[in-house]
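Trainee: I am new to this one, and I would love a close look at a single part. Could you pick one and walk me through it slowly?

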Amino acid sequence: MVEVKLENIVKTFGETVALKGIDLHIKHGELFTLLGPSGCGKSTTLRIIAGLDFPDKGRIFFDDQEVTYLSSSERGAVLVFQNYALWPHMTVYDNIAYGLKIRKLPKEEIERKVKWALQLVKLEGFEDRYPTQLSGGQQQRVAIARAIVVEPKLLLLDEPLSNLDAKLRLEMRSEIRRIQRELGITVLYVTHDQEEAMAISDRIAVMNVGTVEQVGTPREIYEKPKTEFVASFMGKTNVIPAKVVERHGDKVTVEFEHFRLEGLTYTDKSDKVVIVIRPERISLHPIENAVKLEGKVDLIEYYGFFIEVVGMFGETRIIARTISDKDVMGLRPQGPVTFYINKDDILVLPKQL
Amino acid sequence: MKVSKWSEKLFGTPLFEPLVSFSYLFPLLYIVVFLIIPVLAMLAVAFSHGGHFSLYWFKSILTSSYYVQFPPQGDFAVRTATATGETVYLIRGIDFGVVINSLVVAALVTLLASLMGTIFAFIMARYEFRGKNFFRIVLFIPLLVTPFVNAYVIKKMFLDTGLINYIFYELLHILPFRIKIDGLAGVVLAQAMTYYPIVYLNAYASFINIDPTLEEQAENLGSKGFHLFRTVTFPLALPGIAAGATLVFIFSLEDLAAPIVFQGDPLAKKLMSYQIFSKFLYGLGERSPEIAALSIIMLTLAVLAFLGIRKYVSLRQYAMLSKGGRWKPRVSKPRAWQAAIIYVVLLPLLLFTIFPQIGVVLLAFSKQWSVTVMPQGFTTEYVKQMLFNPDVRRYIINSLMYSAAAVVLIVLLSVTSSYATSRFKGILTPVLESLVIIPIAVPGIVVAMGYFYFFSQIFPNTPLDPTNIFNFNPAFVLILAYSIRRLPFSARSVYAGLQQVHVSLEEASMNLGAGRWKTVTGILLPLISLNVFGGAMLSFVYSMSETSVGITLGSLNMQYAPITAFMKDIMMSAAGSAQLAAALGVLLITVQILSIVLVNIITKQRYAFIGLT
């Protein structure tokens with residue numbers, strides 16, 4: 001178990017700046033996720049922590065030891081590759097035993113540990129198979145077994161589920177969580193899937209074009225996004241351009257279309273803002289102390305376990321989500337509709353994108 | 001923490017690692033010392049006159065009518081008669097002077113070879129017809145390389161009493177008179193027939209690799225027939241065809257076998273390769289600046305062709321679109337007129353182009369071949385001589401040993417250079433990439449001359465000094481020459497193998513604690529062993545039949561000479577028997593067939609490729 005610190009990590013590839021000064025602090029025994037769209041620098045960060053790439057600037061610490069230029073083989077931060085990187089000329093057993101043989105463990109101990117790892121990933125009896133004889137999910141579990149069998153200080157997972165089908169992905173997701181809890185190791189997880197990140201992580205760092213936008217628990221990230229990017233990246237949400245027209249301390253009045261919303265919390269200097277409202281926080285029936293928005297129905301979309309109502313408010317489209325059929329009875333396209341929103345559910349953030 | 005700015009710049013990895021440095025520096029220094037410096041040594045000689053830097057020799061060559069002659073001299077065809085009074089048209093070509101002749105011959109050979117190679121490749125890639133398997137097998141035969149004897153048989157084919165006249169004049173009466181092809185025209189024919197398989201292989205691979213959906217889309221939009229070929233198929237295959245054509249151009253430029261075989265006609269001697277060769281042999285021990293200058297001119301032409309094609313192909317690296325999906329080859333049945341062309345034109349043409357190999361085998365077992373269509377009489381005399389004559393056996397053993405030693409070096413060079421260039425991106429990467437492939441563009445006779453100047457200057461009066469007439473031992477020099485000249489074949493194969501191994505397989509190993517050495521030997525080498533083996537066999541086969549250096553430096557001390565030097569001696573001396581050379585040719589063919597079969601069985605690859613890109 002190890003604590004990882006990144007200080008001002010900068011990395012360029014030719015002309016492109018992949019990382020623009022990353023600071024991160026990953027705590028003992030935590031499952032920490034780097035989340036972001038492709039090209040945001042999350043995999044580069046992971047490779048730098050694994051010692052497969054080296055930063056142009058900045059330092060990396062494992063506990064109090066600086067490891068910035070320690071080679072991958074000496075670092076003990078073991079990576080599970082996105083494509084699993086199983087050696088096709090070795091059996092499952094030999095793949096898993098590889099790291100133990102490098103560490104020159106006695107033969108019996110290697111056998112014992114490989115057996116233990118195979119049990120952990122539920123692949124007993126597959127020792128003599130070759131990787132090509134395994135399904136995607138099995139290969140993935142061999143890759144995990146190969147990594148954990150050497151008892152790494154830090155386990156790194158690079159989009160480990162991206163090559164699996166939807167059902168298997170869910171299964172493996174809880175497997176990874178289970179194994180991490182059982183072993184109590186520090187895990188750094190990289191994904192572009194916000195749902196996966198929320199389900200699995202203790203904490204998440206949301207990354208965008210080479211910077212960390214926000215670090216926090218899944219709940220913090222989802223409910224209290226600090227930037228427009230984080231808000232819009234975490235699931236379907238309403239992001240409405242608006243501007244600040246009045247300020248009283250940290251309370252402001254903002255305007256979009258012909259609507260004025262008063263008494264919202266906002267502290268940034270910029271007057272160009274966005275209003276962020278989660279669709280499921282918009283009510284279609286009256287609630288107390290709510291902001292009322294009157295518009296007309298553009299679309300009603302049926303998703304099975306919920307229904308979305310797309311309202312037009314002037315030129316602005318706002319989506320509301322409900323699980324109640326009653327809420328949408330009486331609504332019809334082009335007909336009138338009223339959205340009710342609790343002020344606490346309206347976030348005002350500086351316009352960024 | 002051994003962070004090194006130098007390592008990062010040069011090798012593209014900030015951690016200084018001995019194995020990575022070695023992978024870069026060993027092949028780099030090897031090629032610089034044993035190819036670049038010898039060529040520069042020659043340059044120094046070529047550009048000096050009276051102890052000063054001077055363009056004298058270049059001026060003297062390019063202004064002499066012996067080397068450059070406009071308008072050309074001589075008649076393309078001359079009418080003569082046989083002893084029995086039949087009309088014979090003797091076709092020899094015309095004389096533009098040595099330098100221009102070489103260019104004209106190389107251009108014509110390239111044109112003919114490209115035409116034949118592309119047509120055969122296209123019908124093999126796109127048509128399904130009866131006897132296609134026969135074509136497939138037969139097309140493999142012209143690939144078998146037999147220095148000198150091959151050209152010798154071709155010369156016999158085009159004699160006034162040869163196979164061509166027999167069929168077209170005596171049997172079919174298509175020709176109204178006999179023809180005889182000699183001189184430069186003979187060289188063109190011999191080289192075109194020998195080298196067209198190179199274009200064939202490259203073109204075939206190109207046609208096969210075209211994503212069928214690209215052609216289907218064109219058809220879908222209304223294109224068909226020749227229009228489809230002209231607008232989509234051919235342009236997509238052109239980079240491959242052009243790469244093959246360039247190889248043929250360079251090979252023709254440097255070829256010595258055909259001019260030596262046709263040297264009975266003085267016109268065939270008026271080629272750069274032959275001039276360098278003969279001036280070297282007769283001016284033995286002399287470090288002639290004129291030869292050096294002529295070598296530089298030839299090298300320049302070859303390198304220009306090479307760089308041109310590299311530039312062109314790199315500009316046209318079409319990324320094929322296909323992602324997943326079924327790769328259904330576009331094969332169709334030929335229509336009646338197409339079938340007619342295949343059976344009436346292409347089949348006989350194909351059979352003519354394998355006649356040299358057939359002829360070599362027949363000749364090896366025959367008593368004599370003078371003015372008849374086929375060799376006469378059966379004897380095993382020459383095969384026995386080859387197997388049991390201690391002198392002949394010595395040449396064979398020399399060649400085997402030199403080639404084997406060269407292959408050991410080649411494997412080491414290919415693996416290190418490919419590892420460095422495929423896995424790291426430092427400023428030395430493109431340098432090394434070019435150095436490894438450049439030996440293809442350096443004519444063998446230029447390597448030979450470069451070594452001659454280099455070793456006589458650096459190691460005078462030692463066994464490495466070629467001017468040290470009685471003590472020179474060419475073994476070391478030949479092994480070096482083979483290892484340089486045949487390196488590209490193996491390096492390409494190993495590099496291709498490395499590209500198929502995802503780099504994460506090595507990263508996973510190092511990430512789990514293995515060092516660089518353990519990762520390379522435990523993970524990488526087992527995964528690319530087939531590519532290494534295939535490349536090594538190819539390099540071995542072509543080392544055995546190496547001609548230019550073998551018949552120049554190699555023949556300076558016959559005690560240590562390779563097979564090819566001995567074959568040249570037989571072919572050049574009036575007393576020698578072509579049959580013995582043919583027997584050695586059969587031996588080379590056997591070695592080649594065995595290697596190719598072995599490679600095919602072990603690596604399951606269909607062809608051993610000769611290519612450029």
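Mentor: Happily! Helices here are DSSP runs of H or I with at least four residues, strands are runs of E with at least two, and both are numbered from the N terminus. Residues count from 1 along each chain as its sequence is written, while chains are lettered from A and ligands numbered from 1 in the order in which they are written. Please keep in mind that this is a predicted model, where local features need pLDDT of at least 70, side-chain atom pairs count only at pLDDT 80 or more, and totals for chains, interfaces and linings use all residues.

Let's take α4(A), the helix of residues 107–120 in chain A. Its 14 residues should span 20 Å at 1.5 Å a residue (the expected span is 1.5 Å times one less than the number of residues), and the end C-alpha atoms are 20 Å apart, so the two agree.

Now look around the helix. I110(A), K113(A), V114(A), A117(A) and L118(A) are the buried residues of α4(A) (buried means 20 or more other C-beta atoms within 10 Å of the residue's own, exposed means 12 or fewer, with C-beta atoms placed from the backbone). These buried residues cover an arc of only 135 degrees around the axis, so they sit on the same side of α4(A); the arc is that of the directions from the helix axis to the C-beta atoms. What do they pack against? The partners of the buried residues of α4(A) are α3 (92–102) and α5 (136–148) of chain A, where contact means C-beta atoms, placed from the backbone, within 7 Å.

Turn to the other side of α4(A), and you will find E108(A), E109(A), W116(A) and Q119(A) exposed. Finally, K122(A) follows α4(A), and its phi is positive, near 60 degrees.

Conventions:
Two residues are in contact if their C-beta atoms, placed from the backbone, lie within 7 Å.
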